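Please follow this explanation with the sequence and the structure side by side, taking one part of the chain at a time.

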Amino acid sequence: YGSGNAYIWETTPDPLPGTSSVDVVIGGGSDSAVLGPDEAYLDNFEIDTGTLFGWPPATDLDGSGFIDWDDVAIMCGNWLVTGPGVEGDINNDEIVNLPDYAELGLAW
């Protein structure tokens with residue numbers, strides 16, 4: 001928690017004054033974590049507002065909010081189709097090919 005930085009059972013609208021953003025990482029652990037000066041460990045907190053950057057992802061071809069088999073089906077239906085604006089051409093090289101599937105795989 002960091003010395004003097006723990007907020008217990010209260011809502012803190014601006015937990016880190018003077019910062020423009022807070023990065024939240026899901027997963028991992030904190031056992032035996034070493035905290036340096038001006039660092040704090042947060043536990044049991046809730047974020048009620050935020051902004052998703054880069055949403056919707058380019059690989060969500062059907063606009064469902066998920067990268068799923070429906071997006072793969074769209075790409076399969078347009079495999080090796082060429083031309084501007086082809087659905088499934090994620091990297092904008094005017095053809096649905098292996099590099100587009102690689103981008104889909106990264107977002108999966």
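Leucine 104, leaving aside residues up to four places away in sequence, touches Thr59, Ile67, Asp71, Val72, Met75 and Ile90. The model shown here is a predicted one, and every value that follows was computed from it. Several of the partners of leucine 104, among them Ile67, Val72, Met75 and Ile90, return in the largest nonpolar core, which is made up of nine residues: Leu61, Ile67, Val72, Ile74, Met75, Val86, Ile90, Val96 and Leu104 itself. Helix 1 is the element that gives the most to this core, contributing three residues.

The wider frame around the core is simple to state, since the protein chain holds two helices and zero strands. Of its 108 residues, 19% count as buried, and among the contacts with a separation of 6 or more, 37% are made by residues that stand 24 or more positions apart.

How, then, are the two helices placed with respect to each other? Helix 1 and helix 2 pack at an angle of about 175°, and their axes are 11 Å apart. An angle over 145 degrees counts as roughly antiparallel, and helix 1 and helix 2 are therefore roughly antiparallel to each other. On the side of helix 1 the contact is made by Asp71, Val72, Met75 and Cys76, while helix 2 supplies Asp100, Tyr101 and Leu104.

The loop between helix 1 and helix 2 deserves a separate look, beginning with glycine 88, which lies in this loop and is buried, with a relative accessible area of 3%. Not counting residues up to four places away in sequence, glycine 88 touches Leu61, Met75, Val96 and Asp100; of these, Leu61, Met75 and Val96 are also listed in the largest nonpolar core. The C-alpha atom of glycine 88 is separated by 9.3 Å from that of aspartate 60, although the two residues are 28 residues apart along the chain.

Aspartate 89 has its place in the loop between helix 1 and helix 2 as well. Is this acidic residue buried or exposed? Because its relative accessible area is 10%, and buried means under 20%, aspartate 89 counts as buried. A polar atom of its side chain lies 3.2 Å from the backbone nitrogen of asparagine 92, and a polar atom of the side chain of aspartate 89 likewise lies 3.2 Å from the backbone nitrogen of aspartate 93. Beyond residues up to four places away in sequence, aspartate 89 touches Glu94, Ile95, Val96 and Asp100.

Finally, the structure holds two aromatic pairs. Tryptophan 69 and tryptophan 108 form an edge-to-face pair, with 5.2 Å from centre to centre and 65° between the planes. Since tryptophan 69 lies in helix 1 (residues 69–77) and tryptophan 108 in the segment after helix 2 (98–107), the pair ties together parts that are 39 residues apart in sequence. Tryptophan 69 nevertheless counts as exposed, at 64% relative accessibility. Tryptophan 79 and tyrosine 101 form an aromatic pair that is also edge-to-face, at 5.5 Å centre to centre and with 65° between the planes. This pair links distant parts of the chain, for tryptophan 79 is in the loop between helix 1 and helix 2 and tyrosine 101 is in helix 2, 22 residues apart. Tryptophan 79 is partly exposed, with a relative accessible area of 42%, and tyrosine 101, at 22% relative accessibility, counts as partly exposed too.

Notes. Residues are numbered from 1 along each chain as its sequence is written. This is a predicted model: local features need pLDDT of at least 70, side-chain atom pairs count only at pLDDT 80 or more; totals for chains, interfaces and linings use all residues. Side-chain values use heavy atoms; hydrogens and water are left out. Rings of Phe, Tyr and Trp (its six-membered ring) pair if their centres lie within 6.5 Å; planes under 30 degrees apart count as stacked, over 60 as edge-to-face and the rest as tilted. Helices (H or I, at least four residues) and strands (E, at least two) are DSSP runs, numbered from the N terminus. Buried means under 20% relative accessible area, exposed over 50%, partly exposed in between (1.4 Å probe, protein chains only). A nonpolar core is a set of buried Ala, Val, Leu, Ile, Met, Phe, Trp, Tyr and Cys residues joined through side-chain atoms within 4.5 Å. Contact means heavy atoms within 4.5 Å. A polar contact is a pair of N or O atoms within 3.5 Å; within protein, one must be able to donate a hydrogen and the other to accept it, and residues adjacent in sequence count only if both atoms are side-chain atoms. Axes are lines fitted to C-alpha atoms, for helices over the stretch in contact, and angles run from 0 to 180 degrees between N-to-C directions. Angles under 35 degrees count as roughly parallel, over 145 as roughly antiparallel, 65 to 115 as roughly perpendicular and the rest as oblique.
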